[in-house]
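Trainee: I would like to learn how to read a structure, feature by feature. Please take me through one.

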Amino acid sequence: MSFYSPVRTNAQEAAKSDSLPLFRFVEDPEQTKIDTYEAHGGYQAWRKTLTEMTPEQVVGEVKNAGLRGRGGAGFPAGVKWGFVPKGSTKPKYLICNADESEPGTCKDRVLLERDPHAVIEGMAIASYAIDCHLMFIYIRGEFGYAADVMRAAMAEAYKKGQLGKNIHGGGYDLDMIVHTGGGAYVCGEETAQTNSIEGRRGNARMKPPFPAVAGLYGCPTIVNNVETLASVPHIINRGGDWYKTLGTEKSTGSKIFSLSGHVRQPGNYELLLGHNLKDLIYSPKYGGGIIGDKKLKGVIPGGSSTPFLKPDQIDVSLDYESLASAGTMLGSGAVIVFHEETCIVWIITKLIRFYRHESCGKCTPCREGTAWLELLINRIEQGGGKPGDIEKIESICDNIMGRTVCPLGDAAVMPIKSAIAQWRDEWQYHIDHGKCLVETKCELAPGN
Amino acid sequence: MILTPESVTRIKDAAALYPQAKSAILPAITIAYRQVGHLNPDLYGEIAGILDIPAVEVAEAASFYTMFPKEPVGKYLIQVCHNISCALLGAEGLLSYLQDKLDIEVGETTSDNLFTLVRVECLGSCATAPMMQINHDYYENLSRAEVDRIIEKLTAEAQSGGTL
């Protein structure tokens with residue numbers, strides 16, 4: 001049994017559990033086929049939606065479940081759907097955001113490649129909830145294999161009458177388009193994504209108006225993350241009351257965590273929200289501890305734009321509120337781990353290069369600021385840092401934060417500010433001595 | 001025309017799906033890239049003609065998206081992810097290993113026109129780092145030995161006249 005991506009998952013645990021629905025079948029190679037998906041209970045929620053529920057009931061159920069956006073922002077999905085203006089005569093659009101590109105994040109790819117019908121079913125139910133008859137999935141361009149899988153699944157769904165005209169005889173029509181991107185992180189932001197589908201450059205748009213009011217082609221548009229939508233069929237099948245028994249009171253349900261970096265067993269693990277971060281990193285079921293038995297130095301808990309945690313902060317619950325209390329964010333659930341032989345300035349050179357490269361250039365603070373930050377940070381890393389550089393970096397960060405149209409600017413500065421606050425002495429050492437306090441040792445494995 | 005009749009048909013089919021033809025720019029660019037291996041202004045003109053929109057709109061969009069090379073590249077475009085999760089597991093070493101092995105710098109193409117080596121940002125394969133993309137395929141959990149096998153396989157494929 002082999003998959004396109006050899007990524008490790010906890011599918012076996014999910015298969016035995018009653019509360020980890022997303023990964024239940026992701027190690028079944030037949031799951032991409034519609035017959036297998038249906039045999040596993042797939043498309044029952046879609047049928048139930050069309051034959052037994054009103055759109056208001058669907059929205060109500062998802063609101064009751066407390067499902068929050070899994071792409072990073074954590075906004076309640078049902079509440080978002082409720083923002084589509086009632087009685088609007090314009091077409092409404094649903095976009096499934098599969099532009100997964102926040103460094104550290106590789107969770108949606110598992111669903112796209114191994115359980116595409118779950119994504120389609122969630123999209124269909126969400127479409128019905130907002131009265132949408134043409135839904136899109138925006139898949140990052142590099143995920144060519146995932147797009148092929150999704151197109152094949154879509155063709156099957158049409159053939160078996162899950163999409164198309166008069167679905168299940170209920171009079172509802174729904175079409176789907178698989179749209180692939182062109183390599184731009186910013187297109188994961190919903191207004192940039194909308195521009196991208198319209199054939200424009202992927203610059204973010206000013207809000208308001210919010211996409212729910214005026215999005216794609218000027219029409220009401222809802223953009224939801226892959227994992228968010230894949231969670232919806234389970235809520236419809238088993239009810240919001242069941243879903244909210246999972247996780248914590250305010251962070252309900254399960255969530256996929258992408259664990260990467262210096263751990264023995266990197267992988268994608270579906271856990272209940274509220275799972276302990278330390279357990280994710282060290283449990284033999286998941287990360288299995290740090291490679292080479294080295295000491296942990298730090299963790300980025302929610303994708304590259306979230307503030308760092310130090311080893312004494314990782315005994316924390318992985319939910320939206322607990323991580324906020326710890327001064328960081330759950331974000332996309334991408335946990336990046338690094339050990340003691342890693343220079344913090346070196347890490348930040350990688351992150352700032354990314355944000356400088358991905359800044360769309362529309363807002364001056366982000367366009368100019370990320371370029372200056374990269375210059376200063378590289379100068380420090382290369383041993384040419386000058387007194388005052390740290391303060392200069394902090395000042396530039398403060399002039400970007402909150403001053404841009406989209407969150408890319410904030411995303412660029414949050415890890416930098418946190419890295420300085422958490423390891424200020426290391427930055428200072430770098431400037432004073434012209435070299436790293438700890439030399440980074442991250443070598444390519446020889447293999448066999 | 002550079003675009004083959006098949007590509008033209010595919011672009012027209014894509015355009016028919018959308019409420020507005022301009023939405024087919026990115027699909028059309030992707031189709032052109034898959035056929036030619038890179039993009040250029042002649043292709044923008046051809047796409048604009050098919051979609052009946054100004055060529056500048058195609059060029060404007062194309063210039064934004066970094067996934068498509070704007071100049072000819074080797075038969076195999078090797079894109080090494082150098083972002084954080086890959087860097088922590090040796091992406092810099094992977095790059096220098098490939099540079100030495102292929103005897104080119106990043107951004108260059110081998111003299112036999114087989115391999116072009118570039119570095120790219122996160123490809124969403126972080127839990128199977130380090131990794132690289134060659135043309136349209138991902139190669140994950142890389143090691144020096146694995147890279148040796150991949151390059152050997154592709155070289156053999158090219159010598160036996162294999163296609164992309």
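Mentor: We will go through sheets, cores, the contact between chains, and salt bridges, in that order.

Mentor: This is a predicted model, in which local features need pLDDT of at least 70 and side-chain atom pairs count only at pLDDT 80 or more, while totals for chains, interfaces and linings use all residues. Residues are numbered from 1 along each chain as its sequence is written, chains are lettered from A and ligands numbered from 1 in the order in which they are written, and side-chain values use heavy atoms, with hydrogens and water left out.

Trainee: How do I read a sheet, and in what order do the strands of chain A stand?

Mentor: Strands of a sheet pair through backbone hydrogen bonds, either parallel or antiparallel. Helices (H or I, at least four residues) and strands (E, at least two) are DSSP runs, numbered from the N terminus; two strands pair if DSSP finds at least two bridges between them. In chain A, 5 strands form an open sheet with mixed pairing, in the order S3-S4-S2-S1-S5. Strand S3 (164–167) and strand S5 (221–225) of chain A are the edge strands, each pairing on one side only. From one strand to the next the twist averages 25 degrees; axes are lines fitted to C-alpha atoms, for helices over the stretch in contact, and angles run from 0 to 180 degrees between N-to-C directions.

Trainee: Which strand of chain A is joined to S4 by 6 bridges?

Mentor: Strand S2 (residues 134–139) of chain A is, and it runs parallel to strand S4 (residues 172–180) of chain A. Within this pairing, Met135(A) stands opposite Met176(A) in S4(A). Helix H8 (residues 144–159) of chain A packs on the sheet and touches S2, S3 and S4 of chain A (contact means heavy atoms within 4.5 Å). The direction of H8 makes about 165 degrees with that of S4(A).

Trainee: What does the sheet of chain B look like?

Mentor: It is an open sheet of 4 strands in the order S2-S1-S3-S4 (chain B), again with mixed pairing. Strand S2 (115–120) and strand S4 (137–139) of chain B stand at the edges with a single partner strand each, so one side of each has no neighbour in the sheet. Strand S3 (residues 132–134) of chain B runs antiparallel to S4(B), and 3 bridges join them. One bridge pair is Met132(B) with Tyr139(B) in S4(B). Helix H6 (residues 91–102) of chain B packs on this sheet, touching strand S1 (76–81), S2 and S3 of chain B.

Trainee: What is a core, and which residues touch the most other members of the largest one here?

Mentor: In soluble globular proteins, nonpolar side chains tend to be buried together. A nonpolar core is a set of buried Ala, Val, Leu, Ile, Met, Phe, Trp, Tyr and Cys residues joined through side-chain atoms within 4.5 Å. Buried means under 20% relative accessible area, exposed over 50%, partly exposed in between (1.4 Å probe, protein chains only). The largest core has 85 residues, and Phe136(A), Phe308(A), Leu373(A), Ile393(A) and Trp427(A) touch the most other members. Helix H14 (residues 344–358) of chain A gives the most to this core, with 9 residues. The contacts of Phe136(A), leaving aside neighbours within four places in sequence, include Tyr93(A), Ile177(A), Tyr18(B) and Pro19(B).

Trainee: How many residues does each chain bring to the contact?

Mentor: Chain A brings 66 residues and chain B brings 52 residues. The size of an interface is often given as the accessible area lost when the parts come together. Here about 4600 Å² is buried between chain A and chain B, and carbon and sulfur atoms give 58% of it; buried area is the accessible area (1.4 Å probe) that two parts lose on being put together, summed over both.

Trainee: How do I read a salt bridge, and how many lie between chain A and chain B?

Mentor: Side chains of opposite charge can pair when their charged atoms come close. The cut-off is a side-chain nitrogen of Lys or Arg within 4 Å of a carboxyl oxygen of Asp or Glu. Between chain A and chain B the count is 3 salt bridges, and the structure holds 35 over all chains. Glu140(B) forms one with Arg109(A), their closest N and O atoms being 2.7 Å apart. Glu140(B) lies in the loop between S4 and helix H7 (144–159) of chain B and Arg109(A) in helix H6 (residues 108–114) of chain A, so the pair joins two chains. Both Glu140(B) and Arg109(A) are buried. Glu92(B) and Lys350(A) also meet in a salt bridge (3.3 Å, N to O).

Trainee: Is Asp389(A), the partner of Arg379(A) in a salt bridge, buried or exposed?

Mentor: Asp389(A) is buried, with a relative accessible area of 0%, whereas Arg379(A), at 24%, counts as partly exposed.
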